[in-house]
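Me: I have a model open and I'd like to learn how to read it. Could you take me through it feature by feature?

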Amino acid sequence: MAQTGFREFLNDLDRAGQLKKITKPVDPRQMSALGSQSPTATLFETIEGYPEWRVATGLVSSRARLAIAMGCAENRIAFEFEKKSANPIDPVVVESAPCQEVVMQGDEVDLTSIPFPLMHLFDGGPYISGTFAVSRDAEYGSNAGSYRLMYRTPTETGIDLVSPSDMRFYYQRALDKGESLPIAIAVGVHPLDMLAASYKAPIDTSELALAGGLRGEALEMVKCKTVDLEVPAQAELVLEGELLPIGWSADEGPFGEFSQISGDVKWNPIFRVSCITRRKDPIFYMLQMPWENDWLAAPVTEAAGLQALRIASVQPVDILAPVGACGYWALVASIKKRPGEGKNAVAALLSVAEVKHVIVTDDDINIHDPDELDWAVAFRVQADKDAIIISGARAKHIDPSVKSWELGKGGLPTTAKLGIDATIPEGVPRSMYRRIKNYAKDRVRLEDFE
Amino acid sequence: MSPLAITLRDTLQNEAKQFDEMVDLHLDVPWRDFLRAWGELRADDLLKRDEAGD
């Protein structure tokens with residue numbers, strides 16, 4: 001029996017009433033706008049000019065659909081991610097794979113044969129937004145990540161490799177030797193594989209094994225045709241090739257970023273494609289920006305926060321990476337607090353790579369209720385004692401406030417981080433926070449008087 | 001260079017435009033033909049930006 005992949009997840013969504021199927025012909029220039037209007041995931045079944053293809057989008061642009069992918073309740077996603085990621089399973093290599101039913105090499109390589117969508121106003125070109133990118137370094141091993149690709153020519157794309165990542169590190173190492181970096185890009189993999197690829201794992205941690213852990217079985221990989229790499233066997237489409245040794249010198253972008261902002265042009269390497277493999281009846285995955293990206297980011301950030309809290313010996317009760325902060329830039333956590341642990345928790349959460357703002361509360365606060373959170377911040381915080389600011393931490397370019405345009409090509413920005421300890425201050429009795437409660441509330445019911 | 005690529009080139013030489021504005025001018029062209037023509041401009045390094053990307 002074939003391993004669960006992208007199209008099996010589409011079937012899961014369909015059974016859950018979370019997939020809208022559109023049979024009328026759709027132009028690739030319309031797909032993003034149409035998909036963005038659907039409250040469910042969307043499957044476009046007829047693509048003008050691309051008779052062999054279907055296109056799916058919005059697969060995980062809600063916590064409900066992410067929970068379907070994880071196979072758990074919505075409020076357990078981060079804890080489930082943390083539990084499963086603690087038990088990685090190494091991938092296995094299989095001999096043949098659906099993703100290689102059709103193989104195009106040499107002069108047959110033509111990226112215009114793929115329904116590259118034009119997604120947003122101001123984008124620098126059509127994009128492949130949801131990728132599972134594989135690379136390898138002789139010393140550090142295999143790596144998987146997710147990087148967007150901008151169409152340039154029938155054999156080349158731009159690739160956003162500006163932010164710090166393992167693949168950027170591998171590319172820099174190849175560049176130092178004057179060499180290109182072979183990579184392979186899989187499109188249309190299971191969301192659990194996308195989650196693993198999105199995880200900011202330490203460089204000695206395999207995202208491929210993490211994908212196996214999340215799945216509960218080894219991820220099946222198949223050897224590429226033209227580069228010494230393996231890709232997920234059940235993928236819909238694979239692009240094989242190399243990052244040219246030109247450094248960060250080609251314009252790429254703008255693109256509608258996961259920050260919900262239409263980004264700037266960036267200077268990036270070029271990906272030259274040597275081979276395209278795909279299924280006979282491929283389904284292209286158009287990751288819908290920003291929400292689909294942000295919902296994929298949230299559990300990864302939340303799990304990183306849980307891990308940081310546990311390392312700090314703080315007991316988390318709940319954690320949230322608000323999608324309004326794009327699942328990256330903010331973490332809110334409630335904890336079972338012992339004296340001093342509010343500050344420890346803030347420091348721990350601020351150590352999570354991209355997290356810029358943190359709020360920590362006691363476990364009596366429902367952190368999913370903004371009013372409760374405001375109440376905790378209003379009455380448990382003294383700014384001169386409970387706010388922690390860290391300067392000069394690593395940042396992402398797409399945050400306009402870090403002024404990355406002043407850095408030049410390849411420059412890395414820094415940022416300030418703010419943490420708020422909104423737990424009950426030491427020395428203030430918990431009884432001071434006794435909430436008002438209506439007299440007889442437990443004895444009378446409004447519907448009995450209607 | 002294809003006739004469409006020449007048209008795109010001439011349009012851009014006359015006035016700088018965003019990609020989506022170029023697409024808007026040729027909505028009657030099949031998407032794949034537009035991509036091929038755009039690729040010709042890229043291959044000939046005819047698409048320019050300044051250091052700020054404008």
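Reply: Sure. Let's start with contact: two residues are in contact when they have heavy atoms within 4.5 Å of each other. Keep in mind that this is a predicted model.

Me: How many residues does each chain bring to the contact between chain B and chain A?

Reply: Chain B puts in 20 residues and chain A puts in 26.

Me: And how do I put a size on that?

Reply: The size of an interface is often given as the accessible area lost when the parts come together. Here chain B and chain A bury about 2,000 Å² between them. Carbon and sulfur atoms account for 56% of that area.

Me: What about charges: how many salt bridges cross the interface of chain B and chain A?

Reply: The rule looks for a side-chain nitrogen of Lys or Arg within 4 Å of a carboxyl oxygen of Asp or Glu. It finds 2 salt bridges across this interface. B:Arg32 forms a salt bridge with A:Asp110, and their closest N and O atoms are 3.1 Å apart. There are also 8 residue pairs in polar contact across the interface, with both residues at pLDDT 80 or more.

Me: Which helices of chain B each supply at least two residues of the side that touches chain A?

Reply: Those are helix 2 (19-24) and helix 3 (31-43) of chain B. Helix 3 of chain B gives the most to that side, with 8 residues. By type, the residues on the side of chain B that touches chain A split into 9 nonpolar, 4 polar and 7 charged.

Me: Can we zoom in on one residue at this contact? Is A:Thr153 buried or exposed?

Reply: The cut-off for buried is under 20% relative accessible area. A:Thr153 comes in at 6% relative accessibility, so A:Thr153 counts as buried. You'll find A:Thr153 in strand 9 (residues 149-153) of chain A. Leaving aside neighbours within four places in sequence, A:Thr153 is in contact with A:Leu111, B:Gly39, B:Arg42 and B:Ala43.

Me: What does chain B look like on its own?

Reply: Chain B has 3 helices and 0 strands, and along the sequence it reads α-α-α. Of its 54 residues, 35% are buried. Take the contacts in chain B between residues at least 6 apart in sequence: 51% of them join residues at least 24 apart.

Me: Now helices in chain A. Why do the buried residues of helix 10 of chain A lie on the same side?

Reply: List them, then look at where they point around the axis. In helix 10 (residues 370-380) of chain A, the buried residues are A:Glu372, A:Leu373, A:Trp375, A:Ala376 and A:Arg380. They cover an arc of only 160° around the axis, so they sit on the same side of helix 10 of chain A. That buried set packs against strand 20 (330-336), strand 21 (357-362), helix 11 (383-386) and strand 23 of chain A. The face turned away from the buried side carries the exposed residues A:Pro370, A:Asp371 and A:Asp374.

Me: What happens at the start of helix 10 of chain A?

Reply: A side-chain oxygen of A:Asp369 reaches to within 2.9 Å of the backbone nitrogen of A:Asp371 there.

Me: How do I read backbone oddities?

Reply: Most residues other than glycine have a negative phi, and most peptide bonds are trans. Chain A offers exceptions to look at. A cis peptide bond joins A:Gly253 and A:Pro254, with omega about 0°. A:Pro254 belongs to the loop between strand 15 (250-252) and strand 16 (266-268) of chain A. The bond from A:Met289 to A:Pro290 is cis too, with omega near -5°, and A:Pro290 lies in the loop between strand 18 (283-286) and helix 8 (291-311) of chain A.

Me: Which residues have a positive phi without being glycine?

Reply: One is A:Ser313, with phi of about 60°, in the loop between helix 8 and strand 19 (315-320) of chain A. At 48% relative accessibility, A:Ser313 counts as partly exposed. Another is A:Ala440, with phi near 70°, in the segment after strand 23 (414-422) of chain A. A:Ala440 counts as buried, at 17% relative accessibility.

Key:
Residues are numbered from 1 along each chain as its sequence is written. Chains are lettered from A and ligands numbered from 1 in the order in which they are written. Side-chain values use heavy atoms; hydrogens and water are left out. Helices (H or I, at least four residues) and strands (E, at least two) are DSSP runs, numbered from the N terminus. Buried means under 20% relative accessible area, exposed over 50%, partly exposed in between (1.4 Å probe, protein chains only). Buried area is the accessible area (1.4 Å probe) that two parts lose on being put together, summed over both. A polar contact is a pair of N or O atoms within 3.5 Å; within protein, one must be able to donate a hydrogen and the other to accept it, and residues adjacent in sequence count only if both atoms are side-chain atoms. Ala, Val, Leu, Ile, Met, Phe, Trp, Tyr, Cys and Pro count as nonpolar, Asp, Glu, Lys and Arg as charged, and the others, Gly among them, as polar. The arc is that of the directions from the helix axis to the C-beta atoms.
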